[in-house]
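This report introduces a protein to a reader who has not met it before. Please look over the sequence and the structure before reading on.

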Amino acid sequence: MSTQYEAIETSCGHIKAWTKGVPVDDSAIEQLRNVAGLPFIHRHVAAMPDVHFGRGATVGSVIPTKGAIIPAAVGVDIGCGMMAIRTSLEARNLPDNLRKTRDAIEAAIPVGNGKGGDHRIAPSSTGTRLKASGLMERLDLIKAKHRKIGTHKVDGQLGTLGGGNHFIELCLDEADRVWVMLHSGSRGTGNMIGQHFISRAREELARRVLDFHVPDKDLAFFVEGEDLFDDYVEAVGWAQDYARENREAMMERTLMALRKTLGRFKTDKAAVNCHHNYVEQEHHFGADVWLTRKGAVSAREGELGIIPGSMGARSFIVRGKGAADSFCSCSHGAGRVMSRSAAKQAFTLSDHRKATGGVECRKDAGVIDETPMAYKDIDAVMAAQSELVDIVHTLKQVVCVKG
């Protein structure tokens, strides 16, 4: 049976890459080889079409491990992911000028990093959500063992966007129905958890006596059975749950803001809410493994997921096909084709405004690094993974809120 993936040659280990027709730089290939050569990798590493250079391991890769976890492969934006929900609104219900709609979202949801990205006064609903979730009690247990992890941002950042590539969008599907879609993760607390355990893993690596070479200190790992392994699984699980709660809190406040500006509407009962930076235990090729999706989405047979484009490109609601070789995964977006600093050098405000024509969004120098040209062609990315997912809905944004 023919397959879409390409086998990348390596002296030890195996890599299967769904990258036909999509550019992949040499630095990403080197990282894939570094990871695939580790002795605790199960079967092979899977590279998604949006694969690009990351910290230790590439963004856009799926890493199955037996008896070990690599914290830097999970990263510091733990639990980062997407949420989307369809409304009863249609394109004809939207005003010609959407600036007030964008303003209403930005007024309801703190955006950006630093103090301006936190709630000045946390909504009462945030406290209710935190109490009902049990997250604070779980975090207290983690903090008792790892006092360097700060917990002061938890309540002030639940329901906030953050910066970088995080966003809130209004989109139209192929039937001109309005969707709300957003992208964020576990914010500052998740970052502190990630940084802390990456540092601890590097310390452990320096003490280990190994019969194999670790080519990058950011591939430092914890071994199952160690206290730090269990502590990391506990902490990363907390951050993933916080990230999901954060997206739900943002969605709730975004819908409230839209009802104030667009009038009454209904929403579908089923919303898609999926991580794309996380680790969990799954069963693949006859074994229970720790599966790290670093910039990848679960795509089990029949499972819905979200693959966003960039600020001016299309996004997709997809249904997984359960492809075993990809460990039932697909890409998490288009993937960067150049670094943020390179994008700022390569493109002008005029380029960015042209690329985001028809989208109510920021068009200032602060978002040049997020301009659509800094990303791979989303249509090429989707073509390269047609055996991994089916497209259910095609979305085009009309409003994009960035941090």
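## Contacts and secondary structure

Of the contacts between residues at least 6 apart in sequence, 76% join residues at least 24 apart. The model is a predicted one, and its secondary structure consists of 11 helices and 17 strands.

## Overall dimensions

The C-alpha trace of the protein spans about 65 × 50 × 40 Å along its principal axes. For a compact globule of 403 residues, a radius of gyration near 22 Å would be expected; the protein has 21 Å, and the two therefore agree.

## Burial, surface and charge

Of the 403 residues in the protein, 57% are buried. The protein exposes about 16800 Å², and carbon and sulfur atoms supply 49% of this area.

Positive side chains number 52 and negative side chains 50. The centres of these two sets lie 5 Å apart.

## Helix 7

Helix 7 comprises the 21 residues 187-207. At 1.5 Å a residue it should span 30 Å, and its end C-alpha atoms are 31 Å apart, so the expected and computed spans agree.

Which residues of helix 7 are buried? They are R187, G188, T189, G190, I193, G194, H196, F197, I198, A201, E204 and L205. The cover over the buried residues of helix 7 includes helix 2 (71-74), helix 5 (135-145), helix 6 (154-157) and helix 8 (227-262). Strand 8 (177-184) and strand 9 (222-223) are also among the elements that cover these buried residues.

Conventions
Residues numbered from 1 in each chain as written. Predicted model: local features only at pLDDT ≥ 70, side-chain atom pairs only at ≥ 80, totals over all residues. Heavy atoms only, no water. Helix = DSSP H or I, 4+ residues; strand = E, 2+ residues; numbered from the N terminus. Rg over C-alpha atoms; globule rule 2.2 N^0.38 Å. Buried < 20%, exposed > 50% of the residue type's maximum accessible area, 1.4 Å probe, protein only. Contact = heavy atoms within 4.5 Å. Areas by Shrake-Rupley, 256 points an atom, 1.4 Å probe, with all protein chains shown as cover. Lys, Arg positive; Asp, Glu negative; His and termini not counted. Charge placed at Lys NZ, Arg CZ, Asp CG, Glu CD. Expected span 1.5 Å × (residues − 1).
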